[in-house]
Each structure stands twice: as C-alpha cells, then as structure tokens.
Amino acid sequence: MEIILQPDAESASRLAARLIARLVREKPDAVLGLATGGTPLLVYRELIRLHREEGLDFSRVTTFNLDEYIGLAPEHPQSYHAYMREHLFRHLNIPPENTHLPEGLAADVPKECEAYEQAIRAAGGIDLQLLGIGADGHIGFNEPTSSLASRTRIKTLARRTVEDNARFFDGDASKVPRHCITMGIGTILEARRVVLLAFGKSKALAIAETVEGPVSANVPASVLQHHPVAKLFLDEEAGAELRRADYYRWIYANKPAWQQDA
Ligand code: F6R
C-alpha cells in the first residue's frame, strides 16, 4: 500500500484526480471503477475541470460504479444513478451507454449481479477502482465480516452505515434503503489499481486498522494489503491514528522522480 498524506482533502483529491487523468490520457479507453458518497466529490470536481479546461477526453472511457441501493429507481434523487449523473457524467463527454451501475430495481437480483460481473469482464476488467471507506472499514457496501472473496451481490447495510447515510435522505434514517447491490471484495481486488480516499477524523480509526492492522474481514478495506497497487490518499485527520505516519511522509518525500505519478 502506498499512503499519501496531504494537509487537506482538496490537495489529496487533486493528486488522485491527476492519477486518473494520467491513466485516461495514456489509455483513452480506460475502464474506471467509481464510487459515490461525500468523499469522491472533490475528485469529480477536478476531473470536470480537467475536461473543461484541459480537454481531458472521456469519449472512450467506460465506468462501473461500486454499488446501488435496492428499491431506488435510477431517477430517484438519492439513487447512485442520480448522484453520478449530477456530480460527474453530465459534465463530461462520456457516452451514457459507457456508464454502468447495478440496477436497483432489478426483478432478479442474483441475475443482475451476475450480469454486472459479466459486463466488467467483457469490458476487459477495471483499470483503476476509486474507493471511499466507511467508518467501520467497509469498501463498496461490503460491511464488516463480508467474505474477502465475495462477488457482486445483495448486501444489507449495517446500522451505522444507514445512520451515516441518513444525511443524504433529509437526515431521516428510516428513508435509507436497507439493501444494496455491491461489487464484492473479490471483484474490487481484481481491479488493476485501487485508489482509496479518506478524509476527516471519523475515518481515522478505520484507516489505521486498514493500513496497520491485520488483514481481516472485520475491516474489509484491510484486504487491500493484498493488492499489488493500492494507493491511499488521506488528509491529516484521516491519517491521525497511523503509527507510522512519519515513515509514509518520508517515503513520499523521497519518491524517485520517475515514480511521481501522484
Ligand atoms: C460508495 C461506497 C461507500 C462509501 C463509504 C464512504 O459508493 O461504496 O463505500 O465510499 O460509505 O462514504 P462517504 O464518502 O460518504 O463518507
């Protein structure tokens, strides 16, 4: 894992966006795995800026989102379909047919999950997967004790995740769907690169356990210790519980020039 500690979410997000932009320039038909929630918003803002001001071209890019709530139509304002349209897709020149999210109203959920896995395979796999992290260490909606080999499937949101996400539903936890379709941890691990973002002190414990704790299904993100190319972009608050923070800063400050892609 590479730990990139930045003073604030803005600078961390700019670096992560730069990495994504570089991939898209080098491989115009890149396959991106995307996330929702509060964390990636600044990365999306920066990608939109790079598209508008520097001509970053998304016309051949394909995307797969991590997850979607079960029971919400794509038009529902709190659906992840709506989030992605609003915060990213409508601002880029990405063809809508190149963007994929699980179907929250699928009549046959297991079939939808298998079709999603198949679509990722047919696209050649994910080049770079963007992740946030839950305060309980979840990635996607793979809550603690999710199988580390899991594939795209239905999951029940943990109570804490329901409460955390109530802020997107007028603060009313009873409006938050209880189920979702999420890429599995095994699915995420197959992405060729993983970029995890975490900001704020509510993520500090989960980050310390992810980076410096044992690999455990109790902290799903800790499985990224097994990923060959996982980069974590953190602000100071999210990195506050890391015991080896000075070491990570040292490594970053001494990165060879040819390795400085972020
Ligand atoms: C979102 C997702 C979740 C979030 C996580 C953090 O697609 O899969 O794992 O990344 O719940 O959410 P925020 O960013 O709102 O703190």
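Here are legends for five close-up views of this structure, which is a predicted model.

**View 1. Helix α1 runs from residue 9 to residue 26.**
Start with a quick length check. Helix α1 has 18 residues, and at 1.5 Å a residue these should span 26 Å. The C-alpha atoms at its two ends are 26 Å apart, so the model agrees with that expectation. Plenty of this helix is tucked away: among its buried residues are Ala9, Leu15, Leu19, Ile20, Leu23 and Val24.

**View 2. Tyr69 and Phe169 make an edge-to-face pair.**
A search through the whole structure turns up seven aromatic pairs. In the one shown here, the ring centres of Tyr69 and Phe169 sit 5.6 Å apart and the planes meet at 80°, so the pair counts as edge-to-face. Tyr69 belongs to strand β4 (residues 67–69), while Phe169 is in the loop between α5 (159–165) and β8 (179–182), so the pair ties together parts that are 100 residues apart in sequence. Tyr69 is buried, with 1% relative accessibility, and Phe169 is buried too, at 3%.

**View 3. Tyr80 and Tyr83 pair up within helix α3.**
These two rings are also edge-to-face, with 6.5 Å from centre to centre and 70° between the planes. Tyr80 and Tyr83 are three residues apart in helix α3 (residues 80–87), which puts about one helical turn between them. As a rule, an α-helix has 3.6 residues a turn, so residues three or four places apart point the same way. Both Tyr80 and Tyr83 are buried. Zoom out a little and a cluster appears: Tyr69, Tyr80, Tyr83, Phe141 and Phe169 form one aromatic group.

**View 4. Cys113 and Cys180 are not bonded to each other.**
How many disulfides does a search of the whole structure find? The count is zero. For Cys113, the closest cysteine sulfur is the one in Cys180, but at 9.4 Å it is too far for a bond. Looking from Cys180, the closest cysteine sulfur is that of Cys113. Are these two cysteines buried or exposed? Cys113 is buried, with a relative accessible area of 4%, and Cys180 is buried at 0%.

**View 5. Tyr247, Trp250 and Ile251 make a nonpolar patch on the surface.**
After all those buried side chains, this view moves to the outside. The patch made by Tyr247, Trp250 and Ile251 covers about 350 Å². Tyr247 has its place in helix α8 (residues 245–253). With 47% relative accessibility, Tyr247 counts as partly exposed.

Note on methods: Residues are numbered from 1 along each chain as its sequence is written. Side-chain values use heavy atoms; hydrogens and water are left out. Patches are made of residues with over 30% relative accessible area and no salt bridge: like charges are joined within 9 Å, nonpolar side chains (Val, Leu, Ile, Met, Phe, Trp, Tyr) within 5 Å. Accessible areas come from the Shrake-Rupley method with a 1.4 Å probe; for residues, only the protein chains shown count as cover. A salt bridge is a side-chain nitrogen of Lys or Arg within 4 Å of a carboxyl oxygen of Asp or Glu. Helices (H or I, at least four residues) and strands (E, at least two) are DSSP runs, numbered from the N terminus. Buried means under 20% relative accessible area, exposed over 50%, partly exposed in between (1.4 Å probe, protein chains only). Rings of Phe, Tyr and Trp (its six-membered ring) pair if their centres lie within 6.5 Å; planes under 30 degrees apart count as stacked, over 60 as edge-to-face and the rest as tilted. The expected span of a helix is 1.5 Å times one less than its number of residues. A disulfide is a pair of cysteine sulfur atoms within 2.5 Å.
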